Amino acid sequence: MLTQAPKGTKDILPEDIYQWNYVEKEFSELCQRFGYKEIRIPVFEHTELFQRGVGDTTDIVQKEMYTFQDKGGRSITLRPEGTAGVVRSFIEHGMSSLPQPIKLFYKITAYRYENVQKGRYREFNQFGVELLGAADPSADAEVISILAMFFEKLGIQNLELNINSIGCPKCRSKYNEKLKEYISQFLGDMCDTCKDRYNRNPMRILDCKEEKCKTLMKDAPALLDNICDECRTHFDSVLEKLDAINIPYNIDKGIVRGLDYYTKTVFEFVSKNIGTQGTVCGGGRYDGLVEECGGAPTPGIGFAMGVERLLLEMQSQSIEIPKPNPPDIYIGAIGHKASLACEKLAWELRRQNITCIKDIMGRSVKAQLKYADKIGARYVLILGDDEIESNKAKLKDMQTGETKDITLDTLINRLLKIKG
Ligand code: ATP
Ligand code: MG
C-alpha cells in the first residue's frame, strides 16, 4: 500500500515529462495566439458548485465525485472538470464588467471516481478553453478551430469532429415530452439510473453507457430534428464557418455530452485508434450556466481535452515528440584544487545557459567518464592540477570521440558557439 500510488493515479516520471512539457507549451502558445489568457483555479470547490454547474443528473455528480467534509464541516469536492470553477471565478471576480468577451484557457488535473481502464483514470489532466460573453456562432467556430489547429500543430491526423445541436431550454422542453412518450413503452426494461432520469432529465438517457439502454434508444427521436428556428440558424451558421476554414465534421445527432448545462452546439473529437476511450475532447455551448451558478445571464462556450488520451493518440500515430537536449558538458575533477576550479567553471557555464553536469560523488576519473557517457553528455572535460596550472585542458567530443586541446578561458565561448 505504502509504496503504491492509489488506483487510477500515476506518476509522470522524469523520463516522460518532456512529452507533457511539450504539449502544455504548444497548447498555451496556441491559445495565446487566439487571444486567450491562462487562468488557474482551485483543485477543490464547494460541492454545491458542481451539483449546480455540472448538473445533479449527470454521471459525474451522481457517481464520480470525490466529496468529503473538511475539518470545518464544509462539503468539499475535488474538481471533476474545469468549467464550473472557471464560471465561479468569472462571477466572483466580476469579469462581466471587463471588456467582453472573456477568453480563458487552463491546464488542470481533474478527479473522478471511475472504473479505471486505459485512457480512464481517477486523477487525470485536462486542457480547456472557456469563452464567455459571446453568443455569436463565430465564437463556436473559433473554439472548435483552436482544437483543429492544435491537432494540426502536433501532427495528429484523422481525429473526427462530431457535432450536434441540443437546442435551448425552449425547444428542449417540447422535445423532452416527445422523448418521454417514446421511452414510456420500454421504461421497465431500462437500467435503474435511466428510470430515475426519465422524470428528472430524460435527455440524459441518451447518454447512458449501458448496452441495453443504448439498444432501446437506437431509434429515439433526435433532438436535432426538433430544435427551434433560432437554434437551427445558429447551428447552420457554425457549420458554414467551419466550412469556410475547411474543418471537416460529421453531424452526429447522437451526441448529448455528459453535462447538464450545454445548449445549442455540442461537439467531440474522436479517435479511431485508442479504443473505447476514444473521445479525446468534448465541448459545447452553455448559455445557461453562468446564470445557474448565480451570475447575470451570460453566454459561454468551451471544451476540455483529456491530455492522457491526447498523448495516447500521439503514440498510436507514432508522432515523435522532440526530446530534451542531453547535457552540453560534463566536467570532472581530480584532486582538491581542481574540484574548486570545477565549481567555479560549472557556475559560469550554467550562468551562460550551458547545461553542465559536474561530479558531486567524488568518483574516480574512470567512473566519472563512464557516468558522463551514460548521461549522454555532448562534451567532457576533466580537470586536474596540471590543467589548472597551464590553463589548458582536453575537451572530448563524445559524438566523434575526438579530443581537442583548449584554453580554459575560451571554453564558454566555444560551447556557446557550438550551441548556436
Ligand atoms: P467519457 O464519455 O469518456 O467518460 P466525458 O464525457 O465524461 O468522457 P468530459 O467530461 O467531456 O468527458 O471531459 C472531457 C475530456 O476529458 C474527455 O473527452 C476525455 O478526453 C477526458 N476525460 C474524461 N474523463 C476522464 C478520465 N476519467 N480519465 C482520463 N481522461 C478523461
Ligand atoms: Mg465520463
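In this predicted model, the side chain of Asn125 makes a polar contact with the side chain of Glu308, at 2.9 Å. Asn125 lies in strand 6. Its relative accessible area is 16%. The cut-off for a buried residue is 20%, so Asn125 counts as buried. Contacts from outside its own stretch of sequence come from several places. Leaving aside neighbours within four places in sequence, Asn125 is in contact with Trp20, Ile108 and Thr109, and also with Met305, Gly306, Val307 and Glu308. Glu308 thus appears both in this contact list and as the polar partner of the Asn125 side chain.

Strand 6 (123-132) also takes part in the surroundings of ligand 1. Ligand 1 has 16 residues around it. Of these, Arg112, Glu114, Arg120, Tyr121 and Arg257 come nearest. Three polar approaches to oxygen atoms of the ligand can be described. An N or O atom in the side chain of Arg120 is 2.8 Å from an oxygen atom of ligand 1. A polar side-chain atom of Arg309 lies 3.0 Å from a ligand oxygen atom. Val280 uses its backbone instead: an N or O atom there lies 3.0 Å from an oxygen atom of ligand 1. Taken alone, the ligand exposes 580 Å², and the protein buries 91% of that area. Two or more residues of the shell come from each of strand 6 (123-132), strand 10 (279-285) and strand 11 (300-306). Strand 10 gives the most, with 4 residues.

Tyr111 is found in strand 5, which covers residues 102-111. Its relative accessibility is 12%, so Tyr111 counts as buried. The side chain of Tyr111 makes a polar contact of 2.8 Å with the side chain of Glu123. Not counting residues up to four places away in sequence, Tyr111 touches Val43, Glu64, Tyr66 and Leu78. The same list holds Arg79, Pro80, Arg122, Glu123 and Phe124. Pro80 is 31 residues from Tyr111 in sequence, yet their C-alpha atoms are 4.7 Å apart in space.

Helix 12 spans residues 336-351, a run of 16 residues. From first C-alpha to last, helix 12 reaches 23 Å, close to the 22 Å expected at 1.5 Å a residue. Buried positions in helix 12 are Ala338, Cys342, Leu345, Ala346 and Leu349. Seen down the helix axis, the buried residues fall within an arc of 105 degrees, so they line one face of helix 12. The face turned away from this buried side carries the exposed residues His336, Lys344, Trp347 and Arg351. Cover for the buried residues of helix 12 includes strand 12 (329-333), strand 13 (356-358) and strand 14 (379-383). Helix 14 (385-390) and helix 15 (411-419) are also among the covering elements. Just after helix 12, Asn353 takes a positive phi of about 75 degrees.

Ile388 belongs to helix 14. Its relative accessibility is 26%, so Ile388 counts as partly exposed. Residues up to four places away in sequence aside, Ile388 touches Ala338, Ala341 and Leu383. Of these partners, Ala338 is one of the buried residues of helix 12. Ile388 and Asp56 are 332 residues apart along the chain, and their C-alpha atoms are separated by 73 Å.

Note on methods: Residues numbered from 1 in each chain as written. Chains lettered and ligands numbered in written order. Predicted model: local features only at pLDDT ≥ 70, side-chain atom pairs only at ≥ 80, totals over all residues. Heavy atoms only, no water. Expected span 1.5 Å × (residues − 1). Buried < 20%, exposed > 50% of the residue type's maximum accessible area, 1.4 Å probe, protein only. Arc of directions from axis to C-beta. Contact = heavy atoms within 4.5 Å. Near = heavy atom within 4 Å. Polar contact = N/O pair within 3.5 Å; in protein donor to acceptor, adjacent residues only side chain to side chain. Areas by Shrake-Rupley, 256 points an atom, 1.4 Å probe, with all protein chains shown as cover.
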